[in-house]
Amino acid sequence: MTSNLQRYQRIAALYDLLDLPFEHGRYRKIRPLLFEGLSGRILDAGIGTGRNIPFYPPGAAVIGVDFSPAMLTRAERRAKSLGAAVKLRRMDVTQLAFPDNHFDAAVASFLFCVLPNEQQVSGLKELRRVVKPGGLVRLLEYTRPKGRVRRFLTHLWRPWIKWAYGADFDRRTEKHIPEAGLKLLKSEFVIDDLYTPLSRPATGRTGSMWKPPAGQ
């Protein structure tokens, strides 16, 4: 985690620029889906520079967390420029300082593809813990593309993505769902064969979780 913290401290000032082609070409079309039907108190886990902020549901009370102070600084600037009332906290998703059942919903975009496999279960368990019974957890993530051409392209991109973001196309977050006490409800691609939304509820609850796969 320390290496990822150092990485994001280093690239925070350039993050939006590095991500600009993907953000405007793809991500902005997907982000509204994260918040569809959500309301009340919402956790934006791994808020980064605050790219989700423009899509928060009206009237929602959002708390955004990130482990990088530099990324949170960028998110704060974006929130102020948009007049958004999001509260920001420095926090590691694997050790959330919130009580059980604190949120009505939680979202995370491109967060779990950054976490090593051994930390993904901890992060998923924490999201399950802090969301109320009946609440939704939605993720937007990367997964390995199915097509040969896109697999080849992601293979070319992989060294850069790993160096710049600490991310990988092959984290296989989905397989950790049972370990975290979650159940997959729905999985569908949202852009080509790269992004897939997954809806999942916590076991023994009526909540759900949503994740999209990927490649660049």
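How exposed is Glu76, going by its relative accessible area? Glu76 comes out as partly exposed, at 40%. Keep in mind that this is a predicted model. Here are my notes, point by point.

1. **Helix H2.** Glu76 has a partner: its side chain meets that of Lys80 in a salt bridge, 3.7 Å from N to O. Both residues sit in helix H2, four residues apart, or about one turn of the helix. That spacing fits the general picture: an α-helix has 3.6 residues a turn, so residues three or four places apart point the same way. Lys80 is exposed, with 64% relative accessible area, while Glu76 is partly exposed.

2. **The rest of H2.** This helix covers residues 69-82, 14 residues in total. From first C-alpha to last, H2 reaches 20 Å, close to the 20 Å expected at 1.5 Å a residue. Its buried residues are Ala70, Met71, Leu72, Ala75, Arg78 and Ala79. Note that Arg78 is on that list; Arg78 comes up again in point 6. Just after the helix, Gly83 takes a positive phi of about 70°.

3. **Salt bridge between H3 and the S3-S4 loop.** The salt bridge count comes to four. One of them joins Arg129 and Asp100, at 2.8 Å from N to O. Arg129 belongs to helix H3 (residues 117-130), and Asp100 to the loop between strand S3 (87-90) and strand S4 (103-109), so to speak a link between distant parts of the chain, 29 residues apart. Asp100 is partly exposed, with a relative accessible area of 49%. There is also a network here: Asp100, Glu126 and Arg129 are linked by salt bridges.

4. **Salt bridge between S4 and S5.** Asp104 and Lys132 also meet through their side chains, 3.1 Å from N to O. Here too the pair links distant parts of the chain, with Asp104 in strand S4 and Lys132 in strand S5 (residues 131-140), 28 residues apart. Both ends are partly exposed: Asp104 has 28% relative accessibility, and Lys132 has a relative accessible area of 32%.

5. **Aromatic pairs.** How many aromatic pairs does a search of the whole structure find? There are two. In one, Phe35 and Tyr56 meet edge-to-face, 5.3 Å centre to centre with 70° between the planes. Phe35 is in the loop between H1 and strand S1 (41-45), and Tyr56 is in the loop between S1 and strand S2 (61-66), so this pair ties together parts that are 21 residues apart in sequence. Both residues are buried. The other pair is Phe98 with Phe103: the ring centres are 4.9 Å apart and the planes are at 85°, which makes this pair edge-to-face. Phe98 and Phe103 are buried as well.

6. **Arg51.** Is Arg51 buried or exposed? Arg51 is buried, with a relative accessible area of 11%. You'll find this arginine in the loop between S1 and S2. Leaving aside residues up to four places away in sequence, Arg51 touches Asp16, Leu20, Glu23, Arg31 and Arg78. Arg78 is the buried H2 residue from point 2.

7. **Nonpolar patch.** Leu20, one of the contacts of Arg51, also helps to make a nonpolar surface patch of about 290 Å², along with Leu14 and Leu17. Leu14 belongs to helix H1 (residues 2-34). At 48% relative accessibility, Leu14 counts as partly exposed.

8. **Positive phi away from glycine.** Most residues other than glycine have a negative phi, which makes the next two worth a look in the viewer. Asn101 has a phi near 55°. This residue is in the loop between S3 and S4, and is partly exposed at 33% relative accessibility. Phe110 likewise has a positive phi, near 55°, and its place is in the loop between S4 and H3. Phe110 is buried, with a relative accessible area of 13%.

How values were computed. Residues are numbered from 1 along each chain as its sequence is written. This is a predicted model: local features need pLDDT of at least 70, side-chain atom pairs count only at pLDDT 80 or more; totals for chains, interfaces and linings use all residues. Side-chain values use heavy atoms; hydrogens and water are left out. Patches are made of residues with over 30% relative accessible area and no salt bridge: like charges are joined within 9 Å, nonpolar side chains (Val, Leu, Ile, Met, Phe, Trp, Tyr) within 5 Å. Accessible areas come from the Shrake-Rupley method with a 1.4 Å probe; for residues, only the protein chains shown count as cover. Helices (H or I, at least four residues) and strands (E, at least two) are DSSP runs, numbered from the N terminus. Buried means under 20% relative accessible area, exposed over 50%, partly exposed in between (1.4 Å probe, protein chains only). The expected span of a helix is 1.5 Å times one less than its number of residues. Rings of Phe, Tyr and Trp (its six-membered ring) pair if their centres lie within 6.5 Å; planes under 30 degrees apart count as stacked, over 60 as edge-to-face and the rest as tilted. Contact means heavy atoms within 4.5 Å.
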